[in-house]
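Q: Please look closely at one part of this predicted model, the largest cavity, and then place it in its surroundings. Which residues line the largest cavity, and how does its lining divide by class?

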Amino acid sequence: MTICYQAQRDKAKLFEAGQLLKNGGTVVFPTETVYGLGANGLDADAVQKIFDAKGRPSDNPLILHITTRTWLNRLICQPPALLESLIDAFWPGPLTLVLKKSSIVPDVVTAGLDTVAIRMPDHPVARAIIEAANLPIAAPSANLSGSPSPTKAAHVIADMMGRVDMIIDDGDVVHGLESTVLDISGEVPILLRPGAVTYEQLVAICGEVQLDPAMMAHSTMVKPRSPGMKYRHYAPHADVFVVALERKPDEIAAHIKSLEAKGHKVLYVDYPAERLANQLFALFRAADQEGYDIILVKAVSTDQIGLAVMNRLLKAANYKII
Ligand code: TXA
Ligand code: MG
């Protein structure tokens, strides 16, 4: 049965959510990045329920969410030298680290890889639930596979009602894009997915950080290292186009006019990077509801949070730039 719980931060309910996870159930909960769909990360049957609820391909591995160093130590082996300074700088927070896994991590979590992705969220509700379960909680974004990640409880209810055991409604998330994913299992750290912890911040700690070449390029041309990055993600039903930075306002206006003359309902979005990061996914869902069939989004420069914004935007646009 789905319990859709509105009263936020009720300690007894959060404890109940933890027990549900412990007993093999699924719970949708807020994190500071996006809403997550959680299950006991050490229980292969429970984790399978996540894939079923989302319709997620089984070759796409999950992130384990923890709140303690004790659990980190149990889940990994061969910790690299950089681990301590990255944790000091960014945990708890929107940074996921990919590390060599220990034998207790089930294959269904890692899609058979020898590495595991781990994150320590910085959200009081997420932390309370994880602590109540006292387990690593596997949690992808709580959207149906292929839809934009949920940043509001209404998105979760639209996608997951009836598919999970419990939904915790805590209003809007803080960031609005998924966490930064950094692979530190090899010689040089590799940024697999940009997010609120920026490339610039990572370089300041790590010295050298490589960008996964697939990050900003068409995924059929370059095979991404992060299995999840190869899917067309984050996409609304409307056709999305990126409007190149150099396009002038009169050119854009003329283009919109010609699309409208052909009968299209066009949404044009020109926001600064921070606002796009926070609102892009919500905007996609709202545009679908309001019947827009074309969404044009003005590009932003790829420094700081702009890198994450452009990564999500290019994917949603299937790399179509005008
Ligand atoms: O902000 C977030 O990270 C949210 C919240 C709920 O924590 N979670 C999230 O999970 O975005 P998900 O499953 O939607 O994205 C996980 C990403 C995918 O791109 C996946 O391929 C990658 O992390 N990933 C997971 N394990 C990996 C591994 N061992 N090696 C490389 N990439 C991995
Ligand atoms: Mg996702």
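A: For the division by class, Ala, Val, Leu, Ile, Met, Phe, Trp, Tyr, Cys and Pro are counted as nonpolar, Asp, Glu, Lys and Arg as charged, and the others, with Gly among them, as polar. The model is a predicted one. On this basis the lining of the largest cavity holds six nonpolar residues, three polar residues and no charged residue. The lining consists of Leu-191, Pro-194, Gly-195, Val-197, Thr-198, Tyr-199, Gln-304, Leu-307 and Ala-308. Under the classes above, Leu-191, Pro-194, Val-197, Tyr-199, Leu-307 and Ala-308 are nonpolar, while Gly-195, Thr-198 and Gln-304 are polar. The space in this cavity comes to about 30 Å³. A search of the whole structure for cavities of 30 Å³ or more returns one.

One lining residue leads directly into a strand. Leu-191 lines the cavity, and its number falls within strand β10, residues 190–193. β10 pairs with β9 in the antiparallel sense, over three bridges. The two strands form a hairpin, with six residues between them. Within this pairing, Val-181 has Arg-193 as its bridge partner in β10.

Strand β9 covers residues 180–183, and its four residues are all buried. Thr-180 and Leu-182 point one way from the strand, whereas Val-181 and Asp-183 point the other way. β9 is also joined to β5 (residues 95–100), by four bridges, and these two strands run parallel. The bridge partner in β9 of Thr-96 is Val-181, and that of Val-98 is Asp-183. Val-181 thus has a bridge partner in β5 as well as one in β10.

From β5 the pairing continues to β6. β5 is mostly covered, with five of its six residues buried. It pairs with β6 (residues 115–119) in the antiparallel sense over five bridges. Leu-97 has Ile-118 as its bridge partner in β6. In general, strands of a sheet pair through backbone hydrogen bonds, in either the parallel or the antiparallel sense.

A helix offers a further point of reference. Ala-126 belongs to helix α6, residues 124–133. Its relative accessibility is 0%, and it therefore counts as buried, the cut-off being under 20%. The C-alpha atoms of Ala-126 and Lys-13 are 12 Å apart, although these positions lie 113 residues apart in chain numbering.

An open space may be set beside the cavity. The second largest pocket has a volume of about 310 Å³. Its lining comprises 16 residues, and those nearest its centre are Ala-158, Asp-159, Arg-285, Asp-288 and Gln-289. Helices α7 (153–160) and α10 (273–289) each contribute at least two lining residues, and α10 gives the largest share, five residues. By class, this lining has eight nonpolar, five polar and three charged residues, whereas the lining of the largest cavity has no charged residue.

Elsewhere in the chain, an open sheet of three strands follows the order β12-β14-β13, and its pairing is parallel. β12 (239–243) and β13 (266–269) are the edge strands; each has a single partner, so one side of each is without a neighbour in the sheet. On average, neighbouring strands in this sheet are turned by 20° against each other, with direction ignored. β13 and β14 (residues 294–298) run parallel and are joined by four bridges. Leu-267 stands opposite Ile-295 in β14.

As for the whole, the protein chain contains 11 helices and 14 strands. Its radius of gyration, 19 Å, is close to the 20 Å that the globule rule gives for 322 residues, so the chain is as compact as a globular protein of that length. The C-alpha trace spans about 60 × 45 × 30 Å along its principal axes, and 55% of the 322 residues are buried.

Terms used: Residues numbered from 1 in each chain as written. Chains lettered and ligands numbered in written order. Predicted model: local features only at pLDDT ≥ 70, side-chain atom pairs only at ≥ 80, totals over all residues. Heavy atoms only, no water. 1 Å grid on protein atoms, 1.4 Å probe; cavity = no way out; pocket = protein on both sides within 12 Å on 5 of 7 lines; lining within 4 Å. Points joined across faces, edges and corners; volume = space filled by probe spheres on them. Pairing = 2+ DSSP bridges. Axes fitted to C-alpha atoms, helices over the stretch in contact; angles between N-to-C directions. Rg over C-alpha atoms; globule rule 2.2 N^0.38 Å. Buried < 20%, exposed > 50% of the residue type's maximum accessible area, 1.4 Å probe, protein only.
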